[in-house]
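Please take a moment to look over the chain shown here before reading on. The paragraphs below are meant to be read with the structure in view.

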Amino acid sequence: MIVLALFAGILWNLFAGLLYCWSVFIEPLEEALGVPRTSVSTVFSVGIACYAAGMFIAPHLLARFPLPRLAAGLGIVAGAGLLIAGLG
């Protein structure tokens, strides 16, 4: 059980780190897309807002749905979001 908790903690920090490494990509994205910094930074702001909202919503969802079903549903929602972003 301790190994599982350790693995979950490592994964959690990996995902949080992926969000916070955004600052590395700001300047190349500005140059490649030809948009101002405010436009590029909006993506990070929306991501942080969703991350924070998820912290408040997650305990309620975990109480209502079994973890495998919740993980599958959230994976589908995340995939749909990436698909929409890729097409837009």
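What follows goes from the overall fold to the surface, then to a pocket, and ends with a single proline.

The model is a predicted one, and its secondary structure is simply described, since the chain has four helices and zero strands. Followed along the sequence, these elements give the pattern α-α-α-α. Three of the helices return below with their residue ranges: α1 covers residues 2-20, while α3 runs over 37-64 and α4 over 67-87.

The overall dimensions can be considered next. Along its principal axes, the C-alpha trace of the chain spans about 45 × 25 × 20 Å. The radius of gyration of the chain is 16 Å, whereas a compact globule of 88 residues would have one near 12 Å. In terms of burial, 6% of the 88 residues count as buried, where buried means that the relative accessible area is under 20%. The accessible surface of the whole chain comes to about 7200 Å², and 78% of that surface belongs to carbon and sulfur atoms.

One part of the surface deserves a separate look. A nonpolar patch is formed there by F7, L11, L14, F15 and L18, which together have about 490 Å² of accessible area. Of these patch members, L18 can be placed in helix α1. Is L18 buried or exposed? Because the relative accessibility of L18 is 52% and the cut-off for an exposed residue is over 50%, L18 counts as exposed.

From the surface patch the reader may turn to the largest pocket, whose volume is about 1400 Å³. Its lining is made of 26 residues, and those closest to the centre of the pocket are G47, C50, Y51, L74 and A78. The elements that give two or more residues to this lining are α1, α3 and α4. Which of the elements gives the most to the lining of the largest pocket? That element is α3, with 13 residues.

The last stop is P68, a residue that has its place in helix α4. With a relative accessible area of 62%, P68 is exposed, because the cut-off for that class is over 50%. A distance helps to locate this proline with respect to another part of the chain: P68 and G54 are 14 residues apart along the chain, and their C-alpha atoms are separated by 17 Å.

Technical notes
Residues are numbered from 1 along each chain as its sequence is written. This is a predicted model: local features need pLDDT of at least 70, side-chain atom pairs count only at pLDDT 80 or more; totals for chains, interfaces and linings use all residues. Side-chain values use heavy atoms; hydrogens and water are left out. Patches are made of residues with over 30% relative accessible area and no salt bridge: like charges are joined within 9 Å, nonpolar side chains (Val, Leu, Ile, Met, Phe, Trp, Tyr) within 5 Å. Accessible areas come from the Shrake-Rupley method with a 1.4 Å probe; for residues, only the protein chains shown count as cover. A salt bridge is a side-chain nitrogen of Lys or Arg within 4 Å of a carboxyl oxygen of Asp or Glu. Buried means under 20% relative accessible area, exposed over 50%, partly exposed in between (1.4 Å probe, protein chains only). The radius of gyration is taken over C-alpha atoms; the globule rule is 2.2 Å times the number of residues to the power 0.38. On a 1 Å grid over the protein atoms alone, a cavity is a set of points where a 1.4 Å probe fits but cannot get out, and a pocket is an open set with protein on both sides within 12 Å along at least five of seven lines; lining residues have an atom within 4 Å of a point. Grid points are joined across faces, edges and corners, and a volume is the space filled by probe spheres set on the points.
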